[in-house]
Amino acid sequence: MKIIKAKDYQDMSRKAANIISAQVIMKPDCVLGLATGSTPIGAYENLVNWYQKGDLDFSGVTTVNLDEYKGLTRDNDQSYYYFMNEHLFSKVNVDPKRTFLPDGTEPDSAKACEDYNHVIESVGGVDLQLLGLGHNGHIGFNEPSDIFKAKTHCVDLTETTIQANKRFFASIDDVPRQAYTMGIQTIMQARKILVVVSGAEKAAIVKEAFFGPITPKVQASVLQLHHDVILVADEAALAELG
Ligand code: GLP
């Protein structure tokens, strides 16, 4: 694993965006695996900025997102589709028909997951997967568990995740209790993985995930087994590594 130390959130965002833009420049028809959460927002801002300056072209790019809340429609402002559209899709020249997320409105979980696995296979897998890190070590919505789930599945969100995400909703009762998420095997099959982490409150989980035992209790720990992982984190998030 390569660790790139950034000064602060802004610096982390710029470094991460540089890596994503290198991917797009080197392979204009690449498949980007994208993530939501507050951490990648700054990286998306840089990409939009560089696109507007004419330095980046997304016309050949395909995107597959990690996850989506079950039960939220695309026009719900808390859905991950809405987030991606707000922060990236509507602001660059990516073809909307080539932006994929699990279908949160599909009530049949088995069908939603099977369909999404099919999408990922049909685009030929992921070239560069962007990941944030949950406070409990989740990646996508792969929550702490006794096992690693291979493919797209429906998860019951843990209490810590519901608590962490309630800041985005009017009330805690509005936070969906389930989500569809890409599985660990799919994430691990990405040819390159870029993890972005910022802030002191992630310092303990960064240490546990990247230097602790590999265990499904900390799903991100499996990334230690991937051959091409780049962790871009700010000083605060790296503080416990010594
Ligand atoms: C959410 C997302 C994850 C994300 C995580 C961390 O639950 N499903 O993909 O990495 O939370 O979010 P944040 O970056 O806001 O800390």
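1. Phe-58 is buried in this predicted model, with a relative accessibility of 2%. That value lies under the 20% limit below which a residue is called buried, and therefore Phe-58 is placed in that class.

2. The structure contains five aromatic pairs. One of them joins Phe-58 to Tyr-51, with the ring centres 6.5 Å apart and 65° between the planes, an edge-to-face arrangement. What is the exposure of Tyr-51? Tyr-51 is partly exposed, its relative accessible area being 25%. This pair therefore brings together a partly exposed ring residue and a buried one.

3. A further aromatic pair is made by Tyr-69 and Tyr-80. Their rings are tilted, with an angle of 45° between the planes and a distance of 4.8 Å from centre to centre. The pair connects distant parts of the chain, eleven residues apart: Tyr-69 belongs to strand β4 (residues 67–69), and Tyr-80 to helix α3 (residues 80–87). Tyr-69 is buried at 2% relative accessible area, and Tyr-80 is buried at 10%.

4. Which residues are linked into a cluster by ring pairs? The cluster consists of Tyr-69, Tyr-80, Phe-141 and Phe-169. Phe-141 is also one of the residues touched by Thr-161, which is described in point 7.

5. Strand β4, which holds Tyr-69, also takes part in a sheet. Three strands make up this open, antiparallel sheet, in the order β4-β8-β7. Strands β4 and β7 (153–156) are the edge strands, each pairing on one side only. On average, neighbouring strands of the sheet are turned by 25° against each other, direction ignored. Three bridges connect β4 with strand β8 (residues 178–181), and these two strands run antiparallel. Within β8, Tyr-180 is the bridge partner of Glu-68.

6. A charge also meets an aromatic ring in this model. The charged end of Arg-74 sits over the ring of Tyr-81, at 3.9 Å from the ring centre.

7. Thr-161 lies in helix α5 (residues 159–165). Is Thr-161 buried or exposed? With a relative accessible area of 3%, Thr-161 is buried; the reason is that this value falls under the 20% limit. Leaving aside residues up to four places away in sequence, Thr-161 touches Asn-136, His-138, Phe-141 and Glu-143. The side chains of Thr-161 and Asn-136 are, in addition, joined by a polar contact of 3.5 Å.

Technical notes:
Residues numbered from 1 in each chain as written. Predicted model: local features only at pLDDT ≥ 70, side-chain atom pairs only at ≥ 80, totals over all residues. Heavy atoms only, no water. Helix = DSSP H or I, 4+ residues; strand = E, 2+ residues; numbered from the N terminus. Buried < 20%, exposed > 50% of the residue type's maximum accessible area, 1.4 Å probe, protein only. Polar contact = N/O pair within 3.5 Å; in protein donor to acceptor, adjacent residues only side chain to side chain. Contact = heavy atoms within 4.5 Å. Phe/Tyr/Trp six-rings, centres within 6.5 Å; stacked < 30°, edge-to-face > 60°. Lys NZ or Arg CZ within 6 Å of the ring centre and 35° of its normal. Pairing = 2+ DSSP bridges. Axes fitted to C-alpha atoms, helices over the stretch in contact; angles between N-to-C directions.
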